[in-house]
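Hi,

Here is the structure I said I would pass on. Have a look at it first, and then read my notes below.

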Amino acid sequence: MAANIGGYISIGTNNLEAAREFYDKLFEPIGVKGFRGNDRSYFYKFEETDTYFAIFIPFDGNEATVGNGSMTGITFDSIEEVDQIYQIAIELGALDEGEPEQKMDTFYGGYIRDLDGNKLVFCKMKLF
């Protein structure tokens, strides 16, 4: 039996079109394209890692909320790429949750909240 924990990540939104526009522009410099799943969802496929990032209007009809302690991490090949994508997110209206910096020997990251308050970290990880 095999499993892949990072195959599919989703976050909630209360405005699918605004979220789609934000993530279209955020992911454009890294060549990740989106596609509509249905009338309440939009997906982005990261081809190199065969993973999906999705934005959804909640199925139950209740307002989308952020998870306390929940965060989505998107890794990059260099700290320069982390700095660049962090700056793009801020320019698109994301809230700063911690500018990119070396957090520990193996982790460089910058934190933002998207238009719905979902927390993301853009990072470069160095594993031993």
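One definition before we start: a residue counts as buried when its relative accessible area is under 20%, as exposed when that area is over 50%, and as partly exposed in between. Also keep in mind that this is a predicted model.

Let's try the definition out on Asp 50. Its relative accessibility is 45%, so Asp 50 counts as partly exposed. You'll find Asp 50 in the loop between E3 and E4. What is the sign of its phi? Phi of Asp 50 is positive, near 55°, and this residue is not a glycine. For background, most residues other than glycine have a negative phi.

Now for the strands around that loop. E3 covers residues 41–46, and 5 of its 6 residues are buried, so this strand is largely enclosed by the rest of the structure. On one side, E3 pairs with E2 (residues 34–38) in the antiparallel sense, over 4 bridges. A hairpin of 2 residues links E2 to E3, and Phe 35 sits opposite Phe 43 in E3. E3 also runs antiparallel to E4 (residues 51–56), with 6 bridges joining the two. One bridge pair to look for is Tyr 42 with Ile 55 in E4. The hairpin between E3 and E4 has 4 residues in between, and Asp 50 is in that turn.

Next, helix H1. H1 has 12 residues, 16–27, which at 1.5 Å a residue should span 16 Å; the C-alpha atoms at its ends are 16 Å apart, so the two agree. Which residues of H1 are buried? They are Leu 16, Ala 19, Phe 22, Tyr 23, Leu 26 and Phe 27. Looking down the axis of H1, you'd see these buried residues within an arc of 130°, so they line one face of the helix. The spacing makes sense: an α-helix has 3.6 residues a turn, so residues three or four places apart point the same way.

Last, the largest pocket, with a volume of about 640 Å³. It is lined by 23 residues, and the closest to its centre are Ile 30, Phe 46, Thr 49, Ile 74 and Thr 75. E3, E4, strand E5 (72–75) and helix H2 (79–91) each give at least two residues to this lining, and E5 has the largest share, with 4 residues. By type, the lining of the largest pocket has 10 nonpolar, 8 polar and 5 charged residues.

Cheers

How values were computed:
Residues numbered from 1 in each chain as written. Predicted model: local features only at pLDDT ≥ 70, side-chain atom pairs only at ≥ 80, totals over all residues. Heavy atoms only, no water. Expected span 1.5 Å × (residues − 1). Buried < 20%, exposed > 50% of the residue type's maximum accessible area, 1.4 Å probe, protein only. Arc of directions from axis to C-beta. Pairing = 2+ DSSP bridges. 1 Å grid on protein atoms, 1.4 Å probe; cavity = no way out; pocket = protein on both sides within 12 Å on 5 of 7 lines; lining within 4 Å. Points joined across faces, edges and corners; volume = space filled by probe spheres on them. Nonpolar A, V, L, I, M, F, W, Y, C, P; charged D, E, K, R; others polar.
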